[in-house]
Amino acid sequence: MSVLRIGNASGFYGDRFTAWREMLDGGELDALTGDYLAELTMLILGRDRMRDPSLGYAKTFLRQAEGVLGTALERGVTLVTNAGGLNPAGLADAIRSLGDRLGLQVRVGYVEGDALRRPDALTANAYLGAFGIAACLDAGADVVVTGRVTDASLAVGPAIARFGWTRDDLDALAGATVAGHLIECGAQVTGGNFSFFTELPDGGHRPGFPIAELHPDGSSVLTKHPGTGGAVTVETVTAQLLYEVGGPDYLGPDVVTRLDTVRLEQEGPDRVRVSGVRGTPPPDTLKVGVNNLGGFRNSMTFVLCGLDIPAKAALVRGQIEESVGTEGLEFTLARTDHPDTGDTEAASALLHVHLRDGDKSRAGRAFSAAAVELALASYPGCTLTTLPGDATPYGVFTADTIAQDAVEHVAVLPSGERVPIAPPTVTGGLQGAPVQHEALRGGPSLHATRRGPLGELAGARSGDKGGDANLGVWARTDATWPWLRDWLTVERLAELLPETAALTVERYELPNLRAVNFVIRGLLGQGVAASTRFDPQAKALGELLRSRVVDLPTEARV
């Protein structure tokens, strides 16, 4: 067959439970993928495994599979998921047991080798590629379970198996990687979390899950089942393409994908063609995600109403520091208050107080009780939004690399045969830091400007990568792209988002997408699990930028 239809039914651990059923019943598919793993998820699964060594996989998938496994087998739809997490063999066994209980003959393969022995780490996993998945499918697997593979590999693996690609088919692998990246976050490419959600046919109420129609050359068409919500447009696809990426070189274990070669074209209603993608040999190393327990933390929030907000916050700070000491304390004053209002909530600011410490007792009741004890002995109107509670453990995420040939990538076929997956023989190595793009000065002549929010002319999508954040911004029209390209510099970003000013910020241009992508190093500290930031995953960073009122070119309209 010349087209491989791959759907996705999960973008994270906790996504829409019914999506697997919706995708199987909604129309024709060849394969259906589910992405459950994120940096935070690996920490959660690591803690599960500490309590029970038989766990370590996404239990939700097993419950979802119970309702759809028979349908998938009947219709010949292959299921591919990384829900195996830290224990792909355990989930594979559980699926076989489920099949026996349901009276189904199910052939299950799984991929392992990503877990690394690091005595000083809670979890350490290399990001494997797609050829192990393909080996399981070539052996007739109905379900393939993996541990930590790159998210896009869930779609690339079925394409390798269908089209017979080898490691030399770099452009095809790169094209499939783009398709996999586009569908990996589920409904986020069909209108979910979209800057212009009010323009969607259903107002963004219930976007359908995506489908990639892959072709033998690696090109694809992004679409969704008829009658489902949301939309598939060049802009919804652009938004997802910019999500959690860095420079134009998108590094992967099987190929380096050149994001600056991607071309998008609206082929029809809810159909976007993705073509022109070029690939180069992969690096000789794999990314390794490492999770450790960093200590314990606790938080209390004070409501400060009316006058003298800074003085009230200063009083609380002094009292808390006197009670528990200064080490590990963090105070954040959110000025949500409005002057001269008749509503208590509108007149109030919030003082968030966080404590992180290696000593659970200090971060626990000793801290929260000290906050509550101020209820009758602090600022006027003192009240808290939180009850006293114990400390909870938090994790710290770091990333490093390991040589590709140092990892034992293994496909365990449905027969039980273990097939080693050889690393690529041709690699590009690490060619140094990617080339950044400084905004060009002297862009188009703008004789007049008007004040307005940046979001009138530009969309944005942002997210987390460990302790870093990425922020992609695209111009809505060809006419406004030269202005955005020349205007949105690193310096301008620092003016609009002051918290980025002291950080290292990398800037990259993707002209085919009319987009600029920023990588903001260290914005999220030690990663999502350790962050006390109001927006710990930087998901709202793009919308914050779009809300800033700036000088827009008068003649520019959408």
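**Burial, dimensions and helix α4**

Guide: In this predicted model, buried residues account for 56% of the 558 residues in the chain.

Visitor: What makes a residue of the chain count as buried?

Guide: A residue is called buried because its relative accessible area is under 20%, and 56% of the 558 residues meet that condition. The accessible surface of the chain comes to about 23,200 Å², with 52% of this area belonging to carbon and sulfur atoms.

Visitor: How do you know that the radius of gyration of the chain agrees with that of a compact globule?

Guide: The rule multiplies 2.2 Å by the number of residues to the power 0.38, and for 558 residues this gives a value near 24 Å; the chain has 25 Å, and therefore the two agree. Taken along the principal axes, the box filled by the C-alpha atoms is roughly 70 × 65 × 45 Å.

Visitor: Why is the reach of helix α4 called close to the expected one?

Guide: The expected span is 1.5 Å times one less than the number of residues, which for the 15 residues of α4 (residues 88-102) comes to 21 Å, and the helix reaches 21 Å from its first C-alpha to its last. Just after α4, G103 takes a positive phi of about 75°.

Visitor: Which residues of α4 are buried, and what covers them?

Guide: The buried residues of α4 are P88, G90, L91, A92, A94, I95, L98 and G99, and their cover includes α3 (59-75), β4 (108-112) and β6 (143-146), where a contact requires heavy atoms within 4.5 Å.

Note on methods
Residues are numbered from 1 along each chain as its sequence is written. This is a predicted model: local features need pLDDT of at least 70, side-chain atom pairs count only at pLDDT 80 or more; totals for chains, interfaces and linings use all residues. Side-chain values use heavy atoms; hydrogens and water are left out. Buried means under 20% relative accessible area, exposed over 50%, partly exposed in between (1.4 Å probe, protein chains only). Accessible areas come from the Shrake-Rupley method with a 1.4 Å probe; for residues, only the protein chains shown count as cover. Helices (H or I, at least four residues) and strands (E, at least two) are DSSP runs, numbered from the N terminus.
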